[in-house]
Amino acid sequence: MERGEPGLLRTDPVPEAGEDAAATINATETLSEEEQEELRRELAKVEEEIQTLSQVLAAKEKHLAEIKRKLGINSLQELKQNIAKGWQDVTATPVYKRTSETLSQAGQKASAAFASVGSVITKKLEDVKNSPTFKSFEEKVENLKASREVNRVFVLYSLVWVNYSNHYLFLK
């Protein structure tokens, strides 16, 4: 494949930002004095344009900051606006919409599954409650509870009787 063929990447080195373009010229390429002078003039012109553009950019940034100050826009408000705009951009993408729909469907399925599990557990608890073993246990607990109530009443009456007896004896 040839180097000049369209659609292919260039393989010759491209100067990095700030790199001297003259350093990338092959040593075998020789320029005439006239060509070198023309390139120097072009270089000076490009450097001057870069300097001018930098000054214009700095002036525009200063003007922007002044307008924002007058409008009361601070960095926090800008950040909030940028985040809101970014979120709006994200939610408008087809990928987000598909993901949101998928998660919504998954949530509905999970909700249905939990409801199903809940009803199964409820039924099992009802089955246990209606079983003879549980009924027998429930009766024993009720009997124990009732006997404790009777014991409490007996103890209470005993205390009242003792108190009454003692009080009666002191009055004699």
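Here a trainee and a mentor talk through a predicted model of one protein chain.

Trainee: Let's start with the overall fold. In what order do the elements of the protein chain run from the N terminus on?

Mentor: The secondary structure comes to four helices and zero strands. With no strands to place, the order from the N terminus on reads α-α-α-α.

Trainee: How much of the protein chain is buried?

Mentor: Keep the cut-off in mind: a residue counts as buried under 20% relative accessible area. The chain exposes about 16,200 Å², and carbon and sulfur atoms supply 61% of that. Of the 172 residues, the buried share is 1%.

Trainee: Before I zoom in, which element has the highest mean pLDDT, and which the lowest?

Mentor: For the chain overall, the mean pLDDT is 78, and 72% of the residues reach 70 or more. Among the elements, the top value is 94 and the bottom one is 68. The highest belongs to helix 1 and the lowest to helix 4 (residues 132-171).

Trainee: And where does pLDDT stay under 50?

Mentor: Where pLDDT is low, the predicted coordinates should not be read in detail. In the stretch you're asking about, the model has four contacts beyond four places in sequence. That stretch is residues 1-5.

Trainee: Back to helix 1. How far apart are its end C-alpha atoms?

Mentor: Helix 1 covers residues 33-71. Its 39 residues, at 1.5 Å a residue, should span 57 Å. The end C-alpha atoms agree with that, being apart by 57 Å.

Trainee: Which residue just after helix 1 takes a positive phi?

Mentor: Helix 1 runs through residues 33-71, and the phi you want comes just after it, at about 80°. The residue is Gly72.

Trainee: Now the charges. Why can Glu37 reach Arg40 along the helix, and how long is their salt bridge?

Mentor: The two sit three residues apart in helix 1, so about one helical turn separates them. Glu37 is partly exposed at 37% relative accessible area, and Arg40 is partly exposed too, at 47%. Their side chains meet in a salt bridge, N to O, of 3.9 Å.

Trainee: Which other arginine, four residues from Glu37 in helix 1, forms a salt bridge with Glu37?

Mentor: An α-helix has 3.6 residues a turn, so residues three or four places apart point the same way. The partner here is four residues from Glu37, about one turn of the helix, and its closest N and O atoms are 3.9 Å apart. At 45% relative accessibility the partner is partly exposed. It is Arg41.

Trainee: Which residues are linked in that network of salt bridges?

Mentor: The structure holds seven salt bridges. Glu37 pairs with Arg40 and with Arg41, and a further glutamate belongs to the network as well. The full set is Glu37, Glu38, Arg40 and Arg41.

Trainee: What about Glu66 and Arg69: how far apart are N and O in their salt bridge?

Mentor: These two are three residues apart in helix 1, so they are separated by about one helical turn. Glu66 counts as partly exposed at 33%, whereas Arg69 counts as exposed at 55%. The N to O distance is 2.4 Å.

Trainee: Last one. Which residues make the nonpolar surface patch?

Mentor: Look at helix 2 (residues 75-91), where Leu79 lies. Leu79 is partly exposed, with a relative accessible area of 48%, and patch members need over 30%, so Leu79 clears that bar. The patch is about 300 Å², and its makers are Leu76, Leu79 and Ile83.

Note on methods. Residues numbered from 1 in each chain as written. Heavy atoms only, no water. Patch = residues over 30% accessible without salt bridge, like charges linked within 9 Å, V, L, I, M, F, W, Y side chains within 5 Å. Areas by Shrake-Rupley, 256 points an atom, 1.4 Å probe, with all protein chains shown as cover. Buried < 20%, exposed > 50% of the residue type's maximum accessible area, 1.4 Å probe, protein only. pLDDT = per-residue confidence, 0-100. Contact = heavy atoms within 4.5 Å. Expected span 1.5 Å × (residues − 1).
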